[in-house]
Amino acid sequence: MENEVSVSDLSVINTSDFMNPMVTQIWSNGRHQVRCAKVIYETPDVCTFTFSMNQPVLFFFKPGQFVTLELEIDGERVMRSYTISSSPSIPYSFSITVKRVPGGLVSNWLHDNLRSGDSIAVHGPVGDFNCLDHPAEKVLFLSGGVGITPVMSMARWWFDTDSPVDMVFAHSARTPRDIIYARELEYMSTRVENFKLHTICERTEIGQAWDGYRGLLNINMLKLVAEDFMEREIFCCGPAPYMANVRDMLIAEGYDMSHYHEESFFATPKEDVIAAVKNADLAELEESQPKQFVMVSFPEEGASAEVAIGSNLNEAAAEAGVIIPKACGVGVCGACRVKVLGGDHEMVHNGGITEEEILEGYVLSCCTAVQGAMEIDY
Ligand SMILES: Cc1cc2nc3c(=O)[nH]c(=O)nc-3n(C[C@H](O)[C@H](O)[C@H](O)COP(=O)(O)OP(=O)(O)OC[C@H]3O[C@@H](n4cnc5c(N)ncnc54)[C@H](O)[C@@H]3O)c2cc1C
């Protein structure tokens, strides 16, 4: 990773190129080297990092999608996913908003080290949790803490594009000074009829005035915030207990959960994905049946390994000496994508790969089980 960009690197940026359609490229899912353009201090423990490229690129993505950062920290390659908090309506850059996690490696490293001019690698954009794939006339955004990032991207998109979508935005924070994007949200709510803002604070501290909702989101509050919530498409993101509470409230009210969408920042994979990733059933199978071995090869690298049928492809690659970077490990982030040149396999992913990519032969190695001899392009 190059963390420092020299003055000569920066001097190659020719801003007039940015208006030239002939040289402007469009961002697509893959690995990209991007430059941190600015760092914005949102709240005491939350920062926004804005990225662009030296050549003109239009960062198109679906509002709500995420990228996976590939960093080198203390000589180790680490990967973490972060939602794109900006909107594709401002296409020459994109932003992520990161909250410090106590004891967390990457979130604290980003806060303490990443500065304007630094260059890092990102993978993406990917993600099913987005407002383009779930169109609706009326929506309710429910967010808690830094879970505001994907729904803010959606709200910014509809606000900037003068969309008629009727938006109710209910955000929960610990205290008034922890409300991320507070001023921008207020600004949006004063400009258009179709954006209604409600902020809920768990508590206030001495010296803080607060005339909004207090406590934790409950059903009475939800009815005050959006009395017609049963008719709205709901996008929810926040800490696990917050989302569990929202789900319980909606189910108790008889809400049609096919209109409910949520994003978890702490991967909660489906049961079948856990089985595919961990090969949980394999251990039992191994005891009752003799193992069958097949070859997994990487022609480009001149590497191969003999592995048991049912092995995880990412681990099989490591056995062959090919380290495919992975982040979430459960088929969410898309960081470990490789192309299958041939061979039987079974993938159970969690939305980190598109149908088009699958048709082109790509798989996410972290959630793919080897079923026969395979050739991989990496
Ligand atoms: C799709 C997606 C989107 C996301 N979007 C955002 C976003 O917009 N903004 C955002 O801030 N985050 C987001 N996240 C979360 C983000 O990816 C990271 O998980 C988060 O920043 C924490 O990473 P970290 O490296 O700082 O913490 P980690 O180092 O992964 O640690 C996490 C926790 O585990 C504890 N821990 C670590 N190692 C050990 C150990 N050996 N023993 C015991 N405890 C340990 C740490 O103390 C910490 O509490 C998103 C995640 C996903 C999957």
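**Ligand shell, helix α3 and an open sheet**

In this predicted model, the shell around the ligand draws at least two residues from each of three elements, namely β6 (76–83), β7 (94–99) and α2 (105–113). The ligand is surrounded by 23 residues, and the closest are G103, G104, L105, V106 and S107. When the residues of this shell are sorted by class, 13 are nonpolar, eight are polar and two are charged.

Helix α3 comprises 13 residues (residues 148–160), and because each residue is taken to contribute 1.5 Å, a span of 18 Å is expected, in agreement with the 18 Å that separates its end C-alpha atoms. This helix is mostly covered, since 12 of its 13 residues are buried. Among the buried residues of α3 are I148, P150 and V151, together with R156, W157, W158 and F159. After α3 comes D162, a residue whose phi is positive, near 55°.

An open sheet is built from five strands in the order β16-β15-β21-β17-β19, and the pairing within this sheet is mixed. Its edges are formed by β16 (303–308) and β19 (362–364), each of which pairs on one side only. On average, and with direction ignored, neighbouring strands of this sheet are turned by 35° against each other. In general, the strands of a sheet pair through backbone hydrogen bonds, in either a parallel or an antiparallel manner. The parallel sense is found between strand β15 (residues 293–298) and strand β21 (residues 374–377), which pair over two bridges. V296 has M374, in β21, as its bridge partner.

Notes:
Residues are numbered from 1 along each chain as its sequence is written. This is a predicted model: local features need pLDDT of at least 70, side-chain atom pairs count only at pLDDT 80 or more; totals for chains, interfaces and linings use all residues. A residue is near a molecule or strand if its C-beta atom, placed from the backbone, lies within 6 Å of it. Helices (H or I, at least four residues) and strands (E, at least two) are DSSP runs, numbered from the N terminus. Ala, Val, Leu, Ile, Met, Phe, Trp, Tyr, Cys and Pro count as nonpolar, Asp, Glu, Lys and Arg as charged, and the others, Gly among them, as polar. The expected span of a helix is 1.5 Å times one less than its number of residues. A residue is buried if 20 or more other C-beta atoms lie within 10 Å of its own, exposed if 12 or fewer, and partly exposed in between; C-beta atoms are placed from the backbone. Two strands pair if DSSP finds at least two bridges between them. Axes are lines fitted to C-alpha atoms, for helices over the stretch in contact, and angles run from 0 to 180 degrees between N-to-C directions.
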